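I opened this structure today to see how its pieces pack together. My notes follow, one topic at a time.

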Amino acid sequence: MILAYIGLGSNLNDPVAQIKRAIETLKADSKLNNFLASSLYSSKPVGPQDQPNYVNAVASFLTALPALDLLDLLQSLEQQHNRVRTRHWGPRTLDLDLLLYGEEQIQNSRLTVPHPYMLERGFVIRPLMDLAPEMRLTNGNTVTEHLRQLDTDDLVSI
């Protein structure tokens, strides 16, 4: 079994409800065990600012699914939530990112793990701290130590 961490985000069609529904769906999936989810946080969008604020969370679970099969499961759930990809870093009903997949480093045309931007994003690191404050990140810092280096002034706990 692999310990995986995913980021969840939404800023369209009742984002809090979108995230909560996604969490319940993932929690009920028999291929994902020991499912935990962080608190929800509101944050300003990355990229174009002409869109609503996001609601974000992080979840962890154990799975035997290979990484690409897990990615397929996450993308299928995004489609169930009517995700439409109209522009890079644009608004979305649901965004599910595979942040960490055990200790594995993966880089192919479909997936890069660890997620290439996770260390830059307070809306990922802050909820990750809810689940694993002492976990060592790829930069050698714990999640708690790394969070101190990020600007999180826009984060609001929901």
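Entry 1: strand pairing. I began with a term: two strands pair if DSSP finds at least two bridges between them. I also noted at once that this is a predicted model.

I started with strand β1, residues 2–10. I looked up its partners. β1 runs antiparallel to β4, and nine bridges join them. One place to see this is Ile6, which stands opposite Ala59 in β4. β1 also pairs with strand β5, residues 95–101. That pairing is antiparallel too, over six bridges. There, Gly9 has Asp95 of β5 as its bridge partner.

Is β1 enclosed or open? I found seven of its nine residues buried, so β1 is largely enclosed by the rest of the structure.

Entry 2: helix α1. I moved on to the helix at residues 15–28. α1 has 14 residues. From its first C-alpha to its last it reaches 20 Å, close to the 20 Å expected at 1.5 Å a residue.

Which residues of α1 are buried? I listed Pro15, Gln18, Ile19, Ala22, Ile23 and Leu26. They cover an arc of only 130 degrees around the axis, which puts them on the same side of α1. I recalled the general rule: an α-helix has 3.6 residues a turn, so residues three or four places apart point the same way. Next I checked what the buried residues of α1 pack against, and found β1, β2, β4 and α2 (67–80).

Entry 3: two residues of α1. I picked Gln18 for a closer look. Gln18 has 4% relative accessibility. The cut-off for buried is under 20%, so Gln18 counts as buried. Its side chain makes a polar contact of 2.5 Å with the side chain of His81. What else does Gln18 touch, beyond its neighbours within four places in sequence? I found Ser10, Leu12, Asn13, Thr93 and Leu94, along with His81.

Then I turned to Ala28, also in helix α1. Ala28 has 65% relative accessibility and counts as exposed. I also checked a distance from it. Ala28 and Lys44 are 16 residues apart in sequence, and their C-alpha atoms are 30 Å apart in space.

Entry 4: the aromatic pair. I searched for aromatic pairs and found one in the structure. Its members are Phe35 and Phe61. Their ring centres are 5.9 Å apart and their planes are at 5 degrees, so the pair is stacked. The pair links distant parts of the chain, 26 residues apart. Phe35 is in strand β2 (residues 33–37), and Phe61 is in strand β4 (residues 54–63). I checked burial for both. Phe35 is buried at 11% relative accessible area. Phe61 is buried as well, at 0%.

Entry 5: helix α3 and strand β3. I went to α3, residues 122–131. Its buried residues are Gly122, Phe123, Val124, Ile125, Pro127 and Leu128. What covers them? The cover includes β1, β3 (41–43), β4, β5 and α4 (143–147).

I closed with a residue of β3, Ser42. Ser42 has 18% relative accessibility and counts as buried. I looked up its contacts, leaving aside neighbours within four places in sequence. Ser42 touches Asn53, Tyr54 and Val55. Ser42 is also in contact with Asp154, Leu155, Val156 and Ile158.

Terms used:
Residues numbered from 1 in each chain as written. Predicted model: local features only at pLDDT ≥ 70, side-chain atom pairs only at ≥ 80, totals over all residues. Heavy atoms only, no water. Helix = DSSP H or I, 4+ residues; strand = E, 2+ residues; numbered from the N terminus. Buried < 20%, exposed > 50% of the residue type's maximum accessible area, 1.4 Å probe, protein only. Polar contact = N/O pair within 3.5 Å; in protein donor to acceptor, adjacent residues only side chain to side chain. Contact = heavy atoms within 4.5 Å. Phe/Tyr/Trp six-rings, centres within 6.5 Å; stacked < 30°, edge-to-face > 60°. Expected span 1.5 Å × (residues − 1). Arc of directions from axis to C-beta.
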